[in-house]
Amino acid sequence: MSNDPLLQPYQLKHLTLRNRIIVTSHEPAYPEDGMPKERYRAYTVERAKGGVALTMTAGSAAVSRDSPPVFNNLLAYKDEIVPWIREMTDAVHEEGAAIMIQLTHLGRRTRWDKGDWLPVVAPSHHREASHRAFPKKVEDWDIKRIIKDFADAAERMKAGGMDGIELEAYGHLIDQFASPLTNELDDPYGGALENRMRFCLDVFKAIRERVGNEFILGVRYTADECLPGGNGQAEGIEISKRLRDSGLIDYLNVIRGHIDTDAGLTDVIPIQGMANSPHLDFAGEIRAATNFPTFHAAKIPDVATARHAIAAGKVDMVGMTRAHMTDPHIVRKIIEKREEDIRPCVGANYCLDRIYQGGAAYCIHNAATGRELTMPHILTKANVRKKVVVVGAGPAGLEAARVAGERGHEVVVFEAANNAGGQIRLTAQSERRREMISIIDWRMSQCEKYDVTFHFNSWAEADTVEAEKPDVVIIATGGLPHTEVLSRGNELVVSSWDIISGDVKPGTNVLIFDDAGDHVGLQAAEFIAKAGAKVEIMTPDRSFAPEVMAMNLVPYMRSLQKHDVTFTVTYRLEAVEKSGNLLVAHVGSDYGGIAREHSYDQIVVNHGTIPLDELYFELKPSSSNLGEVSHDELLSGKPQSVVRNPEGRFQLFRIGDAVAARNTHAAIYDALRIAKDL
């Protein structure tokens, strides 16, 4: 048996967990009609195949109709969920992993205009900032009904073959009862801590009566709200001991912080540029104070940190949840002593930010996650070895090279720069976004493993490519900043890239016109503001930086609000002219009726990129498919068979920003779904 702390089994009641790594409950927003159908099951089972000890699903499954999901959660209040749960649990058990599910009532952490349009309920009328609904103060009959709903849902989950249930307390209704900040009830459920905890314990009692003493029950709860007037560390330790002493639960899953605001949520679930494992020591303090099985997860992205968490006795089971969205086969690679092959989580939080904007979870650089039914995590060798030429070594080009190399093809990459990375290398200029470079570094190491040949400082011409006698050519040349967006004065502005790269020094009074709404605009603003300049960020949209999304916006705001930065929404930069040493911005509005002028000494335009596609069009006449992609074959996972030019010598494809300005995930997805079928 291995002496690796992470690979030691753990006995949780009657359940033997095969190692110390878990995927904590999270909702990837893959349900269909509130049910965990094929897509959801395939995603969950993939992590079991990868060797994880315990996968927890559904963060969190709703137990009541007046707890409508604000994103696509499982509906545990429906009887029809049981057979779907059974199919998923059976499949996970076949792979040797345990499976649990998280149940919740959201309380005020939802909206009344979702689901059945029932009033939101909470132990006070205080609304949650994030979801903005003013709740009805819960009545005695509501409490009785919701307790029964929890017990009913738990019984369904046991019938579906779950190994156990975790109650989601933190930020949700159970925690709203426990916190003095959100509980304004009288006895018996309000006032002293004993009363505020009564709802949680009554729920567990009702569940135990239904599922028996052998079924595993746990709770993910706040042990320190980190809010003035809330439950602090001392109260958290007391809550932890009372939970333990209740005899109703089998483990604690510790959270520190609050999630009622975007900033609070981001501190609980930190993103890139924030410290790794910020609450691990605190979880260790809870474990030491209670001497009770303790689980924890919060930005533990790497094996070394997880190993330390177990070896140092901080926790009994360590959660690597976002890390498993990036690479579901972490444990298998540890066992096979291939830790260097683990695809690294870069903390970009594209996964969670998409969920909180109503989308499905996708990893920024693993396009197979959430697409297990159509995209492979593990590639098979091709039947026929081909010569594949890739032009461009950004994220799209490197993914195409990696996938083609792993498939067994001979791969040659041409890159005009002296190193790989493309726009990712520019992004990583930001101190907070340096982790993004791991997207490139991992692919370079994988390409080296598969003997991919690189030619850097090589501006590929059509003759260069054709001299390689390729079977397939993939153009991944990316794009260049698009600043030609004004009616006049385009030559007077600079791009966000110019600022971030250091090619242009910041001015002292700067306008950033940002109608791309992505990271690049805010990165430029942060760079300029830190240089001491006055900055105005202007957008024609009704909100700024919509592509950055909620949790990623938090560190930008914490930085920018310390400087002289203002945000102007619903205005459009239309033209620029020079006046002495200043630039005059002519400003209008898509809403009409506005014409204003303001002066600055520098104007930055962030308007995405224009494809760098000359080489593609030069090669197109020589290709067999004339660049055409069959969407039917692409989407059904079949090799491309289009032949429009029988005399053509190679297939030609272009991917990423060489097609149109999008994002890193789109570029990598382009590459995977073309190259996997070569």
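The chat below goes over cavities, a pocket and two helix pairs in a predicted model.

Biologist: What are the ground rules for this model?
Modeller: It is predicted, so local features need pLDDT of at least 70 and side-chain atom pairs count only at pLDDT 80 or more, while totals for chains, interfaces and linings use all residues. Residues are numbered from 1 along each chain as its sequence is written, and side-chain values use heavy atoms, with hydrogens and water left out.

Biologist: How many cavities of 30 Å³ or more are there?
Modeller: The structure holds 7. A cavity is a set of points on a 1 Å grid over the protein atoms alone where a 1.4 Å probe fits but cannot get out.

Biologist: How much space is in the largest cavity?
Modeller: About 580 Å³, a volume being the space filled by probe spheres set on the grid points, which are joined across faces, edges and corners.

Biologist: Which residues are closest to its centre?
Modeller: Ser25, His26, Tyr170, Ile269 and Leu352, out of 41 that line the largest cavity; lining means an atom within 4 Å of a point.

Biologist: Which helix gives the largest share of that lining?
Modeller: Helix 11, with 4 residues. Helices are DSSP runs of H or I with at least four residues, strands are E runs of at least two, and both are numbered from the N terminus.

Biologist: What about the second largest pocket?
Modeller: Its volume is about 400 Å³. Of its 18 lining residues, Ser130, Asp262, Tyr356, Gln357 and Ala550 are closest to the centre. A pocket is an open set with protein on both sides within 12 Å along at least five of seven lines.

Biologist: Which helices supply at least two residues of its lining?
Modeller: Helix 8, helix 13 and helix 20 (550–560).

Biologist: Switching to packing: how do helix 19 and helix 20 cross?
Modeller: At roughly 20°, with the axes of helix 19 (residues 519–530) and helix 20 coming within 10 Å. Axes are lines fitted to C-alpha atoms over the stretch in contact, and angles run from 0 to 180 degrees between N-to-C directions. The two are therefore roughly parallel to each other, as angles under 35 degrees count as roughly parallel, over 145 as roughly antiparallel, 65 to 115 as roughly perpendicular and the rest as oblique.

Biologist: And helix 7 with helix 9?
Modeller: Helix 7 (residues 233–245) and helix 9 (residues 280–290) pack at about 50°, axes 10 Å apart. That makes helix 7 oblique to helix 9.
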